[in-house]
Structures are given as C-alpha cells and as structure tokens.
Amino acid sequence: MAFNLNRLKEVAKQPSEKEREEARFRDENRDWLLKSALIALEIHRYLRLNGMTQSQLAEKLGISPAMVTKLLSGKENLSLKTICGIERVIQFELLKVPSYEKGVYMRCDLPKMPEDNLVFEGGNQNFCKVIKMNKEIESKKRAMAV
Amino acid sequence: MDVFAIIPDRIYSIKYDEEDTAEYNRLFEEEWTDVEFLTNFFQSHPEYTENEFWGFLGNDPEKAAARVLKDAHMLELHLRELAKNSDNGKLPDLEDYFKPLNGKYGYDIEYIPVKGYGVLESTFLRLYAIRFTENCYLIVYGGIKLNSSIQNSPDLQDNVFRKIDKVKQFLVDESIIDKDDI
C-alpha cells in the first residue's frame, strides 16, 4: 500500500481555536457575509470609476475613514441606514425588495407588460426607464382613444 | 510543513511553514472570500479578464471578484456535503468531485495529484490535492486560474507543481508514503 493512513492520522494536527472559530463564523454568517462583500465590491467599483479616494468617500458619507475601510473589507454587518446612505452617494440601488418593485409598476390601467420589462438591473437608472416606458404606453393609449 | 485535519478522515490540508494557516483556510478565509485580495488580484491582471475565457466579464475586476466570492462560498458548502455523503455511502461523494491532474503526473499510479473546480459553470477556482484513498484527500494548493493552462496562469504557474513535489517529499519523510511504492 502506498499510503499509510494510520501514520497520516498520527501526524495530522487539529485546526487551531482561531481557525475553528473562523470556519464556524463563516458557516453561521455566510448569507450576510456574501451580501456585505458584494456591496463592498460595488463601492470599490464606484471609487475606481470615479477616481475617488476612501477619504473623499468618507466625507461624502459623513463617516470616518476607518468606517469606510470596514465597509470596503466586505466583512461588516451593515445596517439598512448605512446601506441607504451608500446608495444615495453612489446613486445605485444595492438592496431590492422584488415583490415591492413588481407591485409598484403593475398599474391596473396600463396594458400588461411582459415580466422581463419589469426586472431592474441598474437600480435607479432602470427605475426611470420603466417610468418612461409606462408614460409612452399611456400616451399611445390616449392617441388610440382619440 | 504540517498536515491539518479539516474534515477528519475526508479532507486534510497542508500548512506550509511560510504561511500562517493551512491551505484550505488560506483559500476559503484569506483569499477567495477576501474583497481586498480579490480586487487587487484582478486589478493587477487586467489582460486576463479580457482574454478569450473571461472576456464575457468585460474587464470588470469587481465582477470577476464577485464571481469568485459566490463560487467560494458555494464550493465550501459543496465540499462539506460531499464529505458527509462520503461518510454515509451516498453519492455524489468526494470521488465525484476531484479529477486526475493530467500532464506531468499522468504516469504516476499510486501517487495521484488531483484537481477540483469551483461549482459555477465558468469557474476561476481550482483546488489541487493528493488522493490518499477513496474519499480521502490532502489539499496541497489552490488558486484562481486565469488561463487555459496552469503554465499560463499567474500564481499557479509558479506554485502548483513545485508544491505538489514538495508535499510528496514531505509525505515520504513523514513515512506517510512508502518510498519504495513511488
């Protein structure tokens, strides 16, 4: 036999308490850790595309540079207030509530639009697009009625 | 160099002397789920996110990083599930996950380096391991593969084969491999 598994078990060490704690923390908090990291990436992109420094962002958000560093680490459990503050500055919707979004735009007096048109990918910009689309449909309806 | 039991009897990991933690933890805690590491990594290799494999990401380092993050979280859960299946005799198990690492080690019979992928269809993630026995593996290295071959991927090209050979010698020195069997 090529491998001596008993010897492997003798040699193998157990992970340190710190490593076990990190693994446990990852397991128990995986869902929000992933969201926090994805939000951090959006902020990274915003800084890169706008050539903005972390200090300038801190100033815009009205928070300390240390807090911005935490946001950018993607390991911070952000409050809704903080997320909305970031959304205002970067002008990009980070969190969505899909059923709310659908409800808002399904106007009963408008022709039903395909679901695909109601999916928002670009936050506020697409919000404007849908409003514009609805207005166009409304004016067409009026023109047809005349 | 040390061996750590990540999931006892199923997944072990090497810890290199120059690292603070075992490879498994380095990948899942310090590299693949670390926003700063990932953004720096992709920003310093823009030529690869424009190539034929990753061009669909539109040379967007944050998009590439987000892909790795999601993939890594899912992969860790997947490995746990496969290890559990291995314990319970269910399929798929770890044997379904790891594939032989062809090329340099194609002719080794007993000492089989293997590779594993992330769970997304187009995945950057690679795990490199050594198969001890059925459903029992030692993680040797891992990283972000930016090109079609290890030899053309930064980081992997300097480390994968070198580390596999280093670990092979360590396993001989620790009598985990019988030298005459290689």
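User: In this predicted model, what makes a residue buried?

Analyst: A residue is buried if 20 or more other C-beta atoms lie within 10 Å of its own. In helix α2 of chain B, which spans residues 35-43, the residues that meet this criterion are B:Val35, B:Leu38, B:Thr39, B:Phe41 and B:Phe42. Around the helix axis they cover an arc of only 160 degrees, which puts them on the same side of α2(B).

User: Which elements do the buried residues of α2(B) pack against?

Analyst: Their partners come from both chains: α3 (30-50) and α5 (65-73) belong to chain A, while α3 (61-88) and β6 (136-144) belong to chain B.

User: How many residues of chain B are in contact with chain A, and which element supplies the largest share of that side?

Analyst: The contact joins 30 residues of chain B to 25 residues of chain A. On the chain B side, β1 (2-7), α1 (23-31), α2, α3 and β5 (125-133) each supply at least two residues, and the largest share, six residues, comes from α3(B). By character, the residues on this side of chain B divide into 14 nonpolar, seven polar and nine charged.

User: Where are the most contacts found inside the largest nonpolar core?

Analyst: A nonpolar core is a set of buried residues of nonpolar type joined through C-beta atoms within 7 Å. The largest one here has 70 residues, and those with the most contacts inside it include B:Ala65, B:Val68, B:Ala129 and B:Val140. The element that gives the most to this core is α3(B), with 10 residues. Leaving aside residues up to four places away in sequence, B:Val140 touches B:Ile14, B:Glu23, B:Tyr128, B:Ala129, B:Ile130, B:Lys163, B:Ile164 and B:Val167.

Conventions:
Residues numbered from 1 in each chain as written. Chains lettered and ligands numbered in written order. Predicted model: local features only at pLDDT ≥ 70, side-chain atom pairs only at ≥ 80, totals over all residues. Buried ≥ 20, exposed ≤ 12 C-beta atoms within 10 Å, placed from the backbone. Helix = DSSP H or I, 4+ residues; strand = E, 2+ residues; numbered from the N terminus. Arc of directions from axis to C-beta. Contact = placed C-beta atoms within 7 Å. Nonpolar A, V, L, I, M, F, W, Y, C, P; charged D, E, K, R; others polar.
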